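Trainee: Could you take me closely through a single part of this structure, with the reasoning spelled out as you go?

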Amino acid sequence: MSRPAPVVMKFGGTSVADAAAMTRVVDIVRSQRQSQATGSQPPVVVVSALSKVTDGLIRTAEFARRGESQKAAALLKELLERHIAIARALTTNQRAEDLVTALSMQFAHLGGRVMGLALGKKVTPADHDMIVAMGELASSRIVAAAFQEQGLPAVWVDAREVLVTDDEHMVAVPDIEATCRKASQNVAPIIARDEIPVLGGFIAATAAGVTTTLGRGGSDYSAAIFGACLDVGEIQIWTDVDGMLTADPRIVPAPHVVPQLSFAEASELAYFGAKVLHPATILPAVSKNIPVRILNSRQPANPGTLITAEARRDGHIAALACKRDVTVIDITSTRMFMAHGFLRRLFEVFERFKTAVDVVTTSEVSVSVTVDDTRRLDDLVAALSAFADVACESKMAIVSVVGDRLHDDPGVFARAIVAIDGIPLRLVSQAASRRTFTFVLRDAEVTEAMTRLHNAFFPN
């Protein structure tokens, strides 16, 4: 008879920010283990870097790029000291000495590499990934040792030995088939021994063993991939809020927790700016129909938000989301009129420069799109200008209303328009799924628009 499936428990940066936060993680994992049915497999734990550490490592890479070796060295020393202080607070005796030695060696090796890069004043995307990977490597080592110190049988696993990607550094694409093979080889045996695997999220490696990363927020994605490969029963995302909220609390005061969402709703909300969840997280879970639960590591007794194939919820709307700092690109050409190949030519330009489009609206002779990745904006404009007039407008935002049942009530859209009456709208769009409609407006108008919509659809 097979044992009940394990659970993946992913803890974000604020959940492992310091020794007190990591102690809460130990307690949460122990409680999870004790609450499981007899014979259940142990959880798989995935952790982010300590809060703000990735930012520090990105600054380190920038110092190296500018040849400022002393600033880079000082920042790495500061980061190492922070990790060592936490390590000594959580472990004792030989375990503490072994952990401090391992951390010191990792940072010393990284420091040598960074000094070499600073000498040449050049940091490639591969170098960048090598530098920022230190955050997850260090935090996962400390968490594994903290578990062992508190009597939980844990094994540290270098996530680069499990998660396989292509070589598109900084935004690598996972090879799911290869990763599942590695998970069977390097993680499943640990679970079979009734021990807890502890891995860093966000980091991976190519088939040749070169370090890559999945992009900011990629720890959620890592956790979901591991969960899909290991056929877990649930993926838990532990963060610093009580679940998915009806709006961003930094914009709308006192939003409500959404008790349950569908996979489709959660994907839309994540894509359009909900910070609780990485947009790609849901995909591996959907492929295996694995429930995802969002929980608060500071309030572990709270039920959080459960994400499943179908949501059971009163009301047509799930939540609001907003994506800020987007750019609107207007492409206009009389040659577009009645020309069947124009759109293909237009979107081939975005494909060539690997720039995703969020919102699209069209008319007889123009197309307007929004992008949030402007790294190749100049190249895009130059290529588009070869066959059209192009204009760009920055400092814009997307406000989205999301719900599986929007199509059940044709009055929802009208209520939204009435709620934001007087706020200038740049673009308006409804997805083909009729699950989302979006308003593109000036970023300066976001707070007013979100507050009015929230008052209209989620009155206190």
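Mentor: What follows is a close look at one helix and the link that it takes part in. Please keep in mind that this is a predicted model. The part I have chosen is helix α9, which runs over residues 218-229 and so has 12 residues; at 1.5 Å a residue these should span 16 Å, and because the C-alpha atoms at its ends are 17 Å apart, the expected and computed spans agree. The helix is mostly covered, with 12 of its 12 residues buried, and among them are Gly218, Tyr221, Ile225, Phe226 and Cys229. After α9 comes Asp231, which has a positive phi, near 50 degrees.

Cys229 deserves a longer look, since this residue forms a disulfide with Cys180, the two sulfur atoms being 2.2 Å apart, which is within the 2.5 Å that a disulfide requires. Cys180 belongs to helix α7 (residues 176-186) whereas Cys229 belongs to α9, so the pair ties together parts that are 49 residues apart in sequence. The structure holds 1 disulfide, and the angle about the S-S bond in the link of Cys180 and Cys229 is -80 degrees, making that link left-handed.

The two partners can also be set against the 20% cut-off below which a residue counts as buried: Cys229 has a relative accessible area of 12% and is therefore buried, while Cys180, with 21%, is partly exposed. As for other cysteines, Cys322 counts as buried at 6% relative accessibility, and Cys392 counts as partly exposed at 40%.

Notes. Residues numbered from 1 in each chain as written. Predicted model: local features only at pLDDT ≥ 70, side-chain atom pairs only at ≥ 80, totals over all residues. Heavy atoms only, no water. Helix = DSSP H or I, 4+ residues; strand = E, 2+ residues; numbered from the N terminus. Expected span 1.5 Å × (residues − 1). Buried < 20%, exposed > 50% of the residue type's maximum accessible area, 1.4 Å probe, protein only.
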